[in-house]
Amino acid sequence: MTSPANEPTPPEGVPDQLATDLPQLTPDELRNTIIYAQELLQFHDETASPIEPGPNEDIIRATERDGYTEVVKRTTCIEGCDDCPHGPYLYHVKEESRPEGGTKVRWMFLGEVYPDEE
Ligand SMILES: [Zn+2]
């Protein structure tokens, strides 16, 4: 069906196990995996206040848009690793109403930003 030459290569930073497993998933499984990953990511970011950088974060740019804030930030691991700092990454930050009342800030990870895209 697809020739190996057309197969995308995983970006740096993808764990070996996942780089092996992901190409074997069906499109449906991949879609569900993305949703799950987004939820996990959101869970990690949930404690962070919307635009204030955390102790290991560096906000490069925050731009108010219609209905959301476009944030570019770079993160550093608490322990530090060979690839630190990570990013810059682009997020759309949105405040959403909770069904039970109040609001919740939702970070949507959109991907890495390269300087030549600025
Ligand atoms: Zn790191």
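1. Accessible areas here come from the Shrake-Rupley method with a 1.4 Å probe. On that basis, the accessible surface of the protein is about 9,200 Å², and carbon and sulfur atoms hold 53% of that surface. The model is predicted.

2. Secondary structure: the protein has two helices and four strands. Their order along the sequence is α-α-β-β-β-β, with the helices preceding the strands.

3. Burial and contacts: the protein has 118 residues, and 14% of them count as buried. Among contacts in the protein with a separation of 6 or more, 24% join residues 24 or more positions apart.

4. Zinc site, donors: the zinc ion is coordinated by three cysteine SG atoms, from Cys77, Cys81 and Cys84, together with NE2 of His86. The coordination distances run from 1.9 to 2.3 Å. Along the chain, the donors follow the spacing C-x3-C-x2-C-x1-H.

5. Zinc site, geometry: why is the arrangement around the zinc ion tetrahedral? The four donor atoms subtend angles of 100 to 117°, and four donors count as tetrahedral if all angles lie between 85 and 135 degrees. The arrangement is therefore tetrahedral.

6. Accessibility of two ligands: are Cys81 and Cys84 buried or partly exposed? Cys81 has 36% relative accessibility and so counts as partly exposed. Cys84, at 23%, also counts as partly exposed, because buried means under 20% relative accessible area and exposed means over 50%. Both residues supply an SG atom to the zinc ion.

Note on methods: Residues numbered from 1 in each chain as written. Predicted model: local features only at pLDDT ≥ 70, side-chain atom pairs only at ≥ 80, totals over all residues. Heavy atoms only, no water. Buried < 20%, exposed > 50% of the residue type's maximum accessible area, 1.4 Å probe, protein only. Contact = heavy atoms within 4.5 Å. Donors = N, O, S within 2.8 Å, 3.2 Å for Na, K, Ca; no water. Tetrahedral: all angles 85-135°; square planar, octahedral: opposite > 155°, others 65-115°.
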